[in-house]
Amino acid sequence: MTPTEMSLIHHAAFVKERGWSLAELTSLLAQPYIAAFTVMGGFALTRTVAGESELLTLAVSPAYQRRGIARDLMAQWINAAQTSADTAFLEVSADNYAAINLYEKHGFANCGLRKAYYSRKDSPSVDALIMNRPLTQG
C-alpha cells in the first residue's frame with residue numbers, strides 16, 4: 001500500500017479529527033523502527049523500540065468497515081511485536097467505543113488518560129485513553 005493510499009484511507013476513517021497527510025505518512029514510514037501492516041481497505045502503523053511496541057494509528061476505510069479488517073491488523077501487529085517487545089500500548093479517543101472494544105478483545109486495559117488530547121473539527125477536544133498489554137517476547 002502506498003503512502004498516498006494510506007493518506008486517503010486515514011482521511012476517510014478519521015472525519016472528526018485531522019487525517020494524516022501524505023507528507024506526514026511518507027516521513028513516518030522512512031523512520032527507523034516503524035512497521036506498516038496493510039490489508040485491502042486498511043492499515044496500521046506501529047513503532048517498536050526498547051521493548052515497547054506502540055500502535056501509532058489504525059485506519060479502515062468506511063467502505064471496508066465491519067469486515068474484521070481492524071481485528072486482522074491488530075493480530076498482525078501483536079504477532080510481530082511479540083518477537084521484539086515486552087509491552088504493547090496505544091492511545092484511543094475516549095468516545096471511540098468500537099475501537100476500545102476491539103482493543104479490550106485483544107487484551108488491552110486502560111492504564112492512563114491524556115486530557116483533551118484529540119482535537120475535533122466541530123466540537124470540544126476529547127480525552128485519550130492510554131491502554132496497554134503485556135506481550136510474550138519470543
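Begin by selecting Thr 46 together with Leu 55 in strand 3, which is its bridge partner. The model on display is a predicted one, and this pair opens the tour.

**Strands 2 and 3**

Extend the selection to strand 2 (residues 42-49) and strand 3; the two run antiparallel and are joined by 8 bridges. Next, move to the turn of the hairpin that they form: 2 residues lie between the strands, and Ala 50 in this turn has a positive phi of about 55 degrees.

Now display strand 3 alone with its surroundings. Is this strand enclosed or open to the outside? Strand 3 is largely enclosed by the rest of the structure, because 8 of its 9 residues are buried.

**From strand 3 to strand 4**

Add strand 4 to the view. Strand 3 and strand 4 run parallel, with 4 bridges between them. To find one place where they face each other, select Glu 52, which stands opposite Thr 87 in strand 4. Then follow the chain from strand 3 through helix 3 to strand 4; this β-α-β crossover is right-handed.

**Helix 4**

Select helix 4, which comprises residues 97-105, and colour Ala 99, Ile 100, Leu 102 and Tyr 103, which are buried. Why do these residues lie on the same side of helix 4? They cover an arc of only 160 degrees around the axis, and this places them on one side of the helix.

Show what covers these buried residues: the covering elements include strand 3 (52-60), helix 3 (69-81), strand 4 (87-93) and strand 6 (126-134). Rotate to the face turned away from the buried side, where the exposed residues Tyr 97, Ala 98 and Lys 105 are found. After helix 4, stop at Gly 107, whose phi is positive, near 90 degrees.

**Val 39**

Proceed to Val 39, which belongs to strand 1 (residues 34-39). Val 39 is partly exposed, its relative accessible area being 23%. With residues up to four places away in sequence left out, Val 39 touches Met 1, Ile 69, Leu 73 and Gln 76. Select Asp 72 as well: it is 33 residues from Val 39 along the chain, while the C-alpha atoms of the two are separated by 8.5 Å.

**Salt bridges**

The final stop concerns charged side chains. Side chains of opposite charge can pair when their charged atoms come close. How many salt bridges does the structure hold? There are 7 salt bridges in the structure.

Start with Arg 18 and Glu 24, whose side chains meet at 2.9 Å, N to O. Arg 18 is exposed, at 52% relative accessible area, whereas Glu 24 is partly exposed, at 32%.

Next, select Arg 114 and Glu 91, which form a salt bridge of 2.4 Å, N to O. Arg 114 lies in strand 5 (residues 109-118) and Glu 91 in strand 4, so the pair ties together parts that are 23 residues apart in sequence. Arg 114 is partly exposed, with 36% relative accessibility, and Glu 91 is buried, with a relative accessible area of 17%.

Then centre on Lys 115 and Asp 127, where the closest N and O atoms of the salt bridge are 3.5 Å apart. Lys 115 is in strand 5 and Asp 127 in strand 6, so this pair links parts that are 12 residues apart in sequence. Lys 115 is exposed, at 63% relative accessible area, while Asp 127 is partly exposed, at 21%.

To finish, select Glu 17, Asp 95 and Arg 120, which are joined into one network by salt bridges that share partners.

Methods: Residues are numbered from 1 along each chain as its sequence is written. This is a predicted model: local features need pLDDT of at least 70, side-chain atom pairs count only at pLDDT 80 or more; totals for chains, interfaces and linings use all residues. Side-chain values use heavy atoms; hydrogens and water are left out. Buried means under 20% relative accessible area, exposed over 50%, partly exposed in between (1.4 Å probe, protein chains only). The arc is that of the directions from the helix axis to the C-beta atoms. Contact means heavy atoms within 4.5 Å. Two strands pair if DSSP finds at least two bridges between them. A crossover is right-handed if, with the strands pointing away from the viewer, the path from the first strand over the helix to the second runs clockwise. A salt bridge is a side-chain nitrogen of Lys or Arg within 4 Å of a carboxyl oxygen of Asp or Glu.
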